[in-house]
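Biologist: I am new to this structure and would be grateful for a close look at one part of it. Please set that part in the context of the chain as a whole, and explain the reasoning behind each description.

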Amino acid sequence: MALGKNQTPEGRRRGLLVVVGVFLMTLAGAFTAFTDVAPGDWRAVDITRAAAFVLLAIVLSVRSTSSFSVVGRNSVLDDELTRANRASAARFGFWALMLGVLASFVASIWLPLTLAQIAPVLVALGAAAATLRFVVLERSGDA
């Protein structure tokens, strides 16, 4: 049986990053609903959701912008082109985050925004932008 394109290590990594990136953006939208909770009134489920959100954002950022791996590096997945794609993804994520911060600053002139409301969206924006940029660059390298 021939291996399909998504059955290669690169294809599996790209597919997983896309799914997790979309999940992160969805979680960020859901997470902003919990900003009504007073600082001392967080339940265990709120703390768990916040911790899962932070962990997911960190994992996505690290996987799409560096070659860090707990298990060990796969030399097939860590070539020169992949390193260049990771650097480009890191720059893209940084600029997406900066534009998000500027947009939220301007929006705070007219809307009563708090840091607790906007921080999850900004974190998700930076991490998801870097992840999706990395996926797009890796996909174009296969063509």
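Modeller: Read along the sequence, this predicted model follows the pattern α-α-α-α. The chain thus has four helices and zero strands. Of its 143 residues, 30% are buried. Among contacts between residues at least 6 apart in sequence, 75% join residues at least 24 apart. The chain exposes about 9,000 Å², and carbon and sulfur atoms supply 71% of that area.

The part I propose to examine is helix H3, together with what follows it and what touches it. Helix H3 comprises residues 80-107, and Ser 88 is placed within it. Ser 88 has a relative accessible area of 14%; because buried means under 20%, Ser 88 is classed as buried. Leaving out residues up to four places away in sequence, Ser 88 touches Arg 133 and Leu 137. Arg 133 also has a relation to an aromatic ring: Arg 133 lies over the face of Phe 92, at 5.4 Å from the ring centre.

Further along the sequence comes a pair of aromatic residues. A search of the whole structure finds one aromatic pair. Phe 94 and Trp 95 form this pair, and their arrangement is edge-to-face, with 5.1 Å from centre to centre and 75 degrees between the planes. The two partners fall into separate classes of accessibility. Phe 94, at 41% relative accessibility, counts as partly exposed. Trp 95 has a relative accessibility of 53% and therefore counts as exposed, since the exposed class begins over 50%.

The next point of interest is Leu 122, which is placed in helix H4. Helix H4 covers residues 115-142. Leu 122 touches Leu 97, Gly 100, Val 101 and Ser 104, not counting residues up to four places away in sequence. One of these partners, Gly 100, is 22 residues from Leu 122 along the chain, yet their C-alpha atoms are separated by 6.1 Å. Leu 122 counts as buried because its relative accessibility is 13%.

Between helices H3 and H4 there is a loop, and Ile 109 is found in it. Ile 109 has 58% relative accessibility, so this residue counts as exposed. Ile 109 also belongs to a nonpolar patch on the surface, formed with Phe 105, Val 106, Trp 110, Leu 111 and Leu 113. Together, the residues of the patch have about 680 Å² of accessible area.

Helix H4 also has contacts with earlier parts of the sequence, as Thr 131 shows. Thr 131 is found in helix H4, and its relative accessibility is 0%, so Thr 131 counts as buried. Apart from neighbours within four places in sequence, Thr 131 is in contact with Leu 17, Leu 60 and Ser 64. Thr 131 and Thr 65 are 66 residues apart in sequence, whereas the distance between their C-alpha atoms is 7.9 Å.

To draw the account together: Ser 88 in helix H3 is in contact with Arg 133 and Leu 137, and Leu 122 in helix H4 is in contact with residues that include Leu 97 and Ser 104. The loop between H3 and H4 holds Ile 109, which is part of the nonpolar surface patch. Thr 131, for its part, is buried and has Leu 17 among its contacts.

Conventions
Residues numbered from 1 in each chain as written. Predicted model: local features only at pLDDT ≥ 70, side-chain atom pairs only at ≥ 80, totals over all residues. Heavy atoms only, no water. Helix = DSSP H or I, 4+ residues; strand = E, 2+ residues; numbered from the N terminus. Buried < 20%, exposed > 50% of the residue type's maximum accessible area, 1.4 Å probe, protein only. Contact = heavy atoms within 4.5 Å. Areas by Shrake-Rupley, 256 points an atom, 1.4 Å probe, with all protein chains shown as cover. Patch = residues over 30% accessible without salt bridge, like charges linked within 9 Å, V, L, I, M, F, W, Y side chains within 5 Å. Salt bridge = Lys/Arg side-chain N within 4 Å of Asp/Glu carboxyl O. Phe/Tyr/Trp six-rings, centres within 6.5 Å; stacked < 30°, edge-to-face > 60°. Lys NZ or Arg CZ within 6 Å of the ring centre and 35° of its normal.
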